Amino acid sequence: MTETIESVSQIIIETLLENPKVPRNITPESKIIEDLEFDSLAVMNFVMEIEDKLDVSVPLDRLTDVRTIHDLAEAIISLK
Amino acid sequence: MDIFTKFQPLHNAFEQLMSISKHNPFGTTIEKMISPTIGVINGRQTLLFGTNNYLGLSQSDAARHAAAEAAMQYGVGTTGSRIANGTYSLHQELEQDLAKFFNRRSCMVFSTGYQATLGMVSTLAGKDDYLFLDADCHASIYDGSRMSQAQIIRFRHNDADDLRKRLRRLGDIPGNKLIVVEGVYSMFGDIIPLKEFVEVKKEENACLMIDEAHSFGIFGEHGRGIAERDQVEADIDFTVGTFSKSLGTVGGYCVSDHPQMDLLRLCTRPYMFTASLPPEVIAATKANLEIIKNHPELIHKLMDNASRFYHALQNAGFLTGPDISSVISVILEDLPQASQFWNRVLELGAYINLSLPPATPDNRPLLRASIAAAHTTEQIDQLVQIYIQAAQDVGVALKI
Ligand SMILES: Cc1ncc(COP(=O)(O)O)c(C=O)c1O
């Protein structure tokens, strides 16, 4: 199966929506910290879930440049 | 927009806390120390269950005398770094004492435990290396990882299988791998299944560093920590720890058998670019290490106290962490409940710690008690009664 930024973004959004506190109207352009009101720990916990879904490790230092869901998907694709 | 604008969310969170909390849980002032377990807070004698003075040694006579004598002989500060004018024979003696205590080839003493972990993690893991950190590791370890140039991978708390999976995911990417764990985790007081981690470390050919901050002086026949208790010391590459808990002073250390440890004295920035510990602190720490060596009964008294407290809380229906250690935490529902409980406990005469997310795992507020060998059985029982009373007064549901 080849994953694209779009398909990975979709998986991220689906995973986020499993959390009832996350706004229902998120898109790939949603900002993870500002729009989702995630603190640093929440971001790290959520990235861990995505890592396991996609069987990839995202080193924490890669997250410094990630602001939107699309950015995260892009980082994941580059690691795969 | 000024330079403080970014702190507005913090300001709001703190204001909200202070609107429901009579006392500032982060601003408690101890006005006087009566004994290792009793202090004066808000003008009242209060039982101290929120210190890390696990063996009561912050007040040991031997350490006080040693400190006074060292201050008279050497003065009260070194005014310099370990690699300049800040190494006295006392520093070297303490390093030798600690290396001997751990049966290790060498020891480096740092000015705080924070700097010991910060320095070791940031220096050992270089640009092409991988750091594997337990999800619940202390802030000093995460800060060290950010200072390092390494790739940082976080694994699920106390889950050796999850670590194995993440190590294997890397495949045969070049670069050294350093796993960092703790003996006892400081929030829940839960203990690492260290043997399982040692297996993974061996399978995957990684280095293993353990921070025994909350287990040194408490676990193992001689007090060397969880690695001693689980008989895996030979498989630990680096042990770090602090003087600020069982040893009752301030400072930190790393012990290791690695033949080139001394090289780290020349490249570990939190070791090099700060003044060394003052003579009186080194002398007091040496004296307290002797006490730990010669009084294993302190360890037993502490564990008896911890076990008495833990079982009493469970019998009363509190939700506790999974293990019995020097830290025993009760998990509460939400911030208002936790802050009311903490205030009530203080009013009833005991000081404990209120720990709030994001410093706590799982986003739950914790009431954290540290149990000491110096607590009497009566004081432990008194604290249990205070918890039960406070739970009634603020409406914490107990499951009976
Ligand atoms: C696990 C752990 N490591 C390191 C430290 C830092 O120790 P120190 O108080 O000596 O800076 C602490 C204490 O807060 C700790 O809990």
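Here is a short conversation about a predicted model with chains A and B and a ligand.

Reader: Let's start with the small chain A fold: how many helices and strands are there in chain A?

Author: Happy to begin there. From the N terminus on, the elements of chain A run α-α-α. That pattern fits the count for chain A, which is three helices and zero strands.

Reader: What is the radius of gyration of chain A, and how does that value sit with the globule rule?

Author: Along its principal axes, the C-alpha trace of chain A spans about 30 × 25 × 20 Å. For 80 residues the globule rule gives 12 Å, and chain A comes close to that, so it is as compact as a globular protein of that length. The radius of gyration of chain A is 11 Å.

Reader: And chain B: what radius of gyration does chain B have?

Author: Chain B has 13 helices and 14 strands. Its C-alpha atoms fill a box of roughly 60 × 55 × 55 Å, taken along the principal axes. A compact globule with 400 residues would have a radius of gyration near 21 Å, and chain B agrees because its own value is 21 Å.

Reader: Now to the ligand, please. Which of the 14 residues around the ligand come nearest?

Author: By class, the shell around the ligand has two nonpolar, nine polar and three charged residues. The residues that come nearest are on chain B, and they are B:G113, B:D211, B:H214, B:T242 and B:K245.

Reader: Which side chain has a polar atom 2.7 Å from an oxygen atom of the ligand?

Author: Let's go through the contacts in turn. B:G113 approaches a ligand oxygen atom through a backbone N or O atom, at 2.7 Å, so with a polar contact defined as a pair of N or O atoms within 3.5 Å, this pair fits the cut-off. B:K245 places a polar side-chain atom 3.2 Å from an oxygen atom of the ligand. The side chain with a polar atom at 2.7 Å from a ligand oxygen belongs to B:H214.

Reader: How much of the ligand's accessible area does the protein cover?

Author: A polar side-chain atom of B:K245 lies 3.2 Å from a ligand oxygen, and the cover can be given for the ligand as a whole. On its own the ligand has 390 Å² of accessible area, and the share covered by the protein is 83%.

Reader: Which elements give two or more residues to the lining of the largest cavity?

Author: The structure holds two cavities of 30 Å³ or more, and the largest has a volume of about 50 Å³. Its lining includes B:R82, B:H91, B:F110 and B:Y271, and by class the lining divides into five nonpolar, four polar and one charged. The elements asked for are strand 4 (106-110) and helix 9 (269-272) of chain B.

Reader: Which helix gives the largest share of the lining of the second largest cavity?

Author: About 40 Å³ of space lies in this cavity. Its lining residues are A:M44, A:V47, A:M48, A:E51, A:V58, A:L60 and B:R154, and by class they are five nonpolar, no polar and two charged. Four residues of the lining come from the helix with the largest share, helix 2 (residues 40-54) of chain A.

Reader: Last one: which residues lie nearest the centre of the second largest pocket?

Author: This pocket has a volume of about 280 Å³. By class, its lining has nine nonpolar, three polar and two charged residues. Of the 14 lining residues, those nearest the centre are B:L124, B:C207, B:F238, B:H258 and B:L264.

Terms used:
Residues numbered from 1 in each chain as written. Chains lettered and ligands numbered in written order. Predicted model: local features only at pLDDT ≥ 70, side-chain atom pairs only at ≥ 80, totals over all residues. Heavy atoms only, no water. Near = heavy atom within 4 Å. Polar contact = N/O pair within 3.5 Å; in protein donor to acceptor, adjacent residues only side chain to side chain. Areas by Shrake-Rupley, 256 points an atom, 1.4 Å probe, with all protein chains shown as cover. Nonpolar A, V, L, I, M, F, W, Y, C, P; charged D, E, K, R; others polar. 1 Å grid on protein atoms, 1.4 Å probe; cavity = no way out; pocket = protein on both sides within 12 Å on 5 of 7 lines; lining within 4 Å. Points joined across faces, edges and corners; volume = space filled by probe spheres on them. Rg over C-alpha atoms; globule rule 2.2 N^0.38 Å.
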